[in-house]
Amino acid sequence: PTLARFMFPGQCRGLPDAVGAALPRAIVEAGSKSWRADTADMLGCAAAVKTEVNTFHFNAAISSCEKAGDWQTSLALLQQIPEEHLSASVVSYGAAVSACQRSGRWHAALCLLEDCGRTRLLPNEVMFSAAIGACRRSGEWQMSLTLLNTLPALRLHRDKFSCSAASGACSKFGLWKWATVLLRLAGKTE
């Protein structure tokens with residue numbers, strides 16, 4: 001386990017056991033408040049004081065990175081999960097894809113969708129909507145349409161979020177006809 005790379009040297013030295021035991025809860029609380037740096041550091045401290053950390057704690061830390069727009073740390077934390085002999089979940093991947101969306105890192109978002117499938121987890125509509133949103137932010141309107149058209153083949157539904165994100169990508173480039181069609185489609189979804 002190499003979680004120690006997420007903390008400053010000596011940061012957790014002498015940390016009392018009672019504080020170490022409270023770290024997993026603190027990670028979850030910090031994750032809900034967008035304290036990205038704190039959550040990654042707390043994961044490192046938990047490892048340093050030999051406190052058990054599970055996938056749920058990683059998910060909270062990745063979500064915190066997503067809220068802070070720190071896609072690099074979210075990807076590093078996602079990669080760290082198997083190194084800690086844990087299994088990533090759809091929530092883990094979803095939070096990392098959302099972090100990529102906030103930063104417009106469409107290529108990283110697509111790689112995460114592919115990686116998720118390789119781990120035998122099934123990407124869901126939320127993950128695809130976030131990936132389409134990343135394409136929208138970075139001006140990749142063709143890729144947003146490709147992803148939207150991929151959904152039915154995967155037995156996933158085009159929802160109002162994915163259609164709206166693809167529509168936004170098209171409107172960004174003045175493709176009003178496509179944008180309008182997609183907005184109508186979004187209105188017909190649940």
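## Exercises on a predicted all-helix model

Setting aside neighbours within four places in sequence, Leu78 makes contact with Ile62, Ala88, Ser92, Tyr93, Ala96 and Leu112. The exercises below start from this residue, and they concern a predicted model.

**Exercise 1.** Describe the fold of the protein chain in terms of its helices and strands, and state what share of its residues is buried.

*Solution.* Begin with the elements: the protein chain has ten helices and zero strands, so that the pattern read along the sequence is α-α-α-α-α-α-α-α-α-α. Next, turn to burial, where buried residues account for 46% of the 190 residues in the chain. Then take the contacts between residues at least 6 apart in sequence, of which 65% join residues at least 24 apart. Finally, the accessible surface comes to about 10,000 Å², and 56% of this surface belongs to carbon and sulfur atoms.

**Exercise 2.** Place Leu78 within the largest nonpolar core, and find which element gives the largest share of that core.

*Solution.* The core has 41 residues, and Leu78, Leu112 and Leu147 are the ones that touch the most other members. Going through the elements that give two or more residues to this core, one finds α3 (55-68), α4, α5 (90-103), α6, α7 (125-137), α8 (141-150), α9 (160-172) and α10 (176-188). The largest share, seven residues, comes from α7. Two of the residues named above are also linked directly, since Leu112 is among the contacts of Leu78.

**Exercise 3.** Characterise the largest pocket by its space, its lining and the classes of its lining residues.

*Solution.* The space in this pocket is about 260 Å³. Its lining consists of 13 residues, and those nearest the centre are Leu78, Gln79, Pro82, Tyr93 and Asp115. Two elements, α4 (71-83) and α6 (106-118), each give two or more residues to the lining, and α4 provides the largest share with five residues. Sorted by class, the lining has nine nonpolar, three polar and one charged residues. Leu78 therefore appears both among the residues nearest the pocket centre and in the largest nonpolar core.

**Exercise 4.** Where do His85 and Arg120 lie, and are they buried or exposed?

*Solution.* Consider the background first: most residues other than glycine have a negative phi. His85, which is not a glycine, has a positive phi of about 60°, and this residue lies in the loop between α4 and α5. With a relative accessibility of 69%, His85 counts as exposed, because the cut-off is over 50%. Arg120 likewise has a positive phi, near 70°, and is found in the loop between α6 and α7. Its relative accessible area of 79% means that Arg120 is exposed as well.

Note on methods: Residues numbered from 1 in each chain as written. Predicted model: local features only at pLDDT ≥ 70, side-chain atom pairs only at ≥ 80, totals over all residues. Heavy atoms only, no water. 1 Å grid on protein atoms, 1.4 Å probe; cavity = no way out; pocket = protein on both sides within 12 Å on 5 of 7 lines; lining within 4 Å. Points joined across faces, edges and corners; volume = space filled by probe spheres on them. Helix = DSSP H or I, 4+ residues; strand = E, 2+ residues; numbered from the N terminus. Nonpolar A, V, L, I, M, F, W, Y, C, P; charged D, E, K, R; others polar. Buried < 20%, exposed > 50% of the residue type's maximum accessible area, 1.4 Å probe, protein only. Contact = heavy atoms within 4.5 Å. Areas by Shrake-Rupley, 256 points an atom, 1.4 Å probe, with all protein chains shown as cover. Core = buried A, V, L, I, M, F, W, Y, C linked by side-chain atoms within 4.5 Å.
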